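Thanks for coming. I will go through a few places in one structure, then turn to how some of its helices pack.

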Amino acid sequence: MDLKLLNDQGQADATVSAPDTVFGRDFNEALVHQVVIAYQANARSGNRAQKDRATVKHSTKKPWRQKGTGRARSGMTSSPIWRGGGRAFPNSPEENFSQKVNKKMYRAGIRSILSQLAREDRIAVVESFSFDTPKTKLAASKLKAMGLDSVLVITDVVDENTYLATRNLPHVAVVEPRYADPLSLVHYKKVLITKAAIAQFEEMLG
């Protein structure tokens, strides 16, 4: 698989050979969907708390006598079918939303996403991505000159200057290959990878 090599002006003046084991796989939509949903679910935290019929504020007095009123029998007002009663199956802070995905499935999903991005021409390569000074203006001007507004940059090493220069850009993220998650790969319009990061991907996923 050949990927475009961009210069500082965003022009593709050459190509880079990428391993087919990572960037030339078939697209498995079901697997990608499962991996992305599992990643989102594992990021959730149980931060909702609702009261059941034992914890809701209520009186234990029987609302009316058992027989003779013509109404349905009722024991106390905390019943879930009563207005103001407790929830039948309440959410709790200990709720666990995590989903298990095997390592082989996760890696296969990442390979499938990268291959589809390459086919859709949403992935490109640069020699390096770094800055001498931690200035957001420099990062913004460089990405603007390359014609990139929504981009995930995957570089072999994220130094302090690069991190500080890009952290305030709203539609830009810079990560190392080991931190490239499936949600970010499908979210951003473009993915920019350095040559050294391609070698790391081949070592990790090949």
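Let us start with P63, which sits in the loop between helix 2 and helix 3. Keep in mind that this is a predicted model. P63 is partly exposed, with a relative accessible area of 30%. Leaving aside residues up to four places away in sequence, P63 touches S74, G75, M76, T77 and W82. Now look for A43. P63 and A43 are 20 residues apart in sequence, and their C-alpha atoms are 44 Å apart in space.

G85 is found in the loop between helix 2 and helix 3 as well. Is G85 buried or partly exposed? At 22% relative accessibility, G85 counts as partly exposed, because the cut-off for buried is under 20%. The contacts of G85, again without residues up to four places away in sequence, are V56, T77, S78 and S79. T77 is therefore a name you have now heard twice, as a contact of P63 and as a contact of G85. For a distance, take G85 and K51: they are 34 residues apart along the chain, and 8.8 Å separates their C-alpha atoms.

Next, the start of the chain. L6 is in strand 1, and strand 1 covers residues 2-6. With 15% relative accessibility, L6 counts as buried. Which residues does L6 touch, not counting residues up to four places away in sequence? They are Q11, A12, A124, V125, V126, M146 and L192. L192 is 186 residues from L6 along the chain, yet the two C-alpha atoms are separated by 9.2 Å.

Just after strand 1 comes a loop, and G10 is in it, between strand 1 and strand 2, which is 12-17. G10 is partly exposed, at a relative accessible area of 25%. Beyond residues up to four places away in sequence, G10 touches A145 and M146. M146 is also on the list of contacts of L6. The C-alpha atoms of G10 and A145 are 6.6 Å apart, with their positions 135 residues apart along the chain.

Now the helices. Two packed helices are described by the angle between their axes and the distance between the axes. Helix 2, residues 29-42, packs against helix 3, residues 103-119, at an angle of about 115 degrees, and the axes are 9 Å apart. Helix 2 and helix 3 are therefore roughly perpendicular to each other. Their crossing is left-handed. On the side of helix 2, the contact is made by L31, V32, Q34 and V35, and on the side of helix 3 by M105, Y106, A108, G109, S112 and I113. Sorted by class, that contact has 7 nonpolar residues, 3 polar ones and no charged ones.

One of the residues in that contact is S112, so let us stop there; S112 is buried, with a relative accessible area of 2%. Not counting residues up to four places away in sequence, S112 touches D26, F27, N28 and V32. V32 belongs to helix 2.

Helix 3 has a second partner, helix 7. At what angle do the axes of helix 3 and helix 7 cross? They cross at roughly 140 degrees, and the axes come within 11 Å. This crossing is left-handed too. From helix 3, R107, I110, R111 and L114 meet F201, M204 and L205 of helix 7. The residues of this contact divide into 5 nonpolar, no polar and 2 charged.

Helix 7 itself runs over residues 195-205, and A197, I198, F201 and L205 in it are buried. Why are they on the same side of helix 7? They cover an arc of only 105 degrees around the axis, which puts them there. The general background is that an α-helix has 3.6 residues a turn, so residues three or four places apart point the same way. Two of the buried residues, F201 and L205, are also in the contact with helix 3.

One last stop is D121, in the loop between helix 3 and strand 3, which is 123-126. Most residues other than glycine have a negative phi. The phi of D121 is near 60 degrees, a positive value in a residue other than glycine. D121 is partly exposed, with a relative accessible area of 35%.

That is the end of the tour.

Terms used. Residues numbered from 1 in each chain as written. Predicted model: local features only at pLDDT ≥ 70, side-chain atom pairs only at ≥ 80, totals over all residues. Heavy atoms only, no water. Buried < 20%, exposed > 50% of the residue type's maximum accessible area, 1.4 Å probe, protein only. Helix = DSSP H or I, 4+ residues; strand = E, 2+ residues; numbered from the N terminus. Arc of directions from axis to C-beta. Axes fitted to C-alpha atoms, helices over the stretch in contact; angles between N-to-C directions. Parallel < 35°, antiparallel > 145°, perpendicular 65-115°, else oblique. Left-handed = near helix turned anticlockwise from the far one by under 90°. Contact = heavy atoms within 4.5 Å. Nonpolar A, V, L, I, M, F, W, Y, C, P; charged D, E, K, R; others polar.
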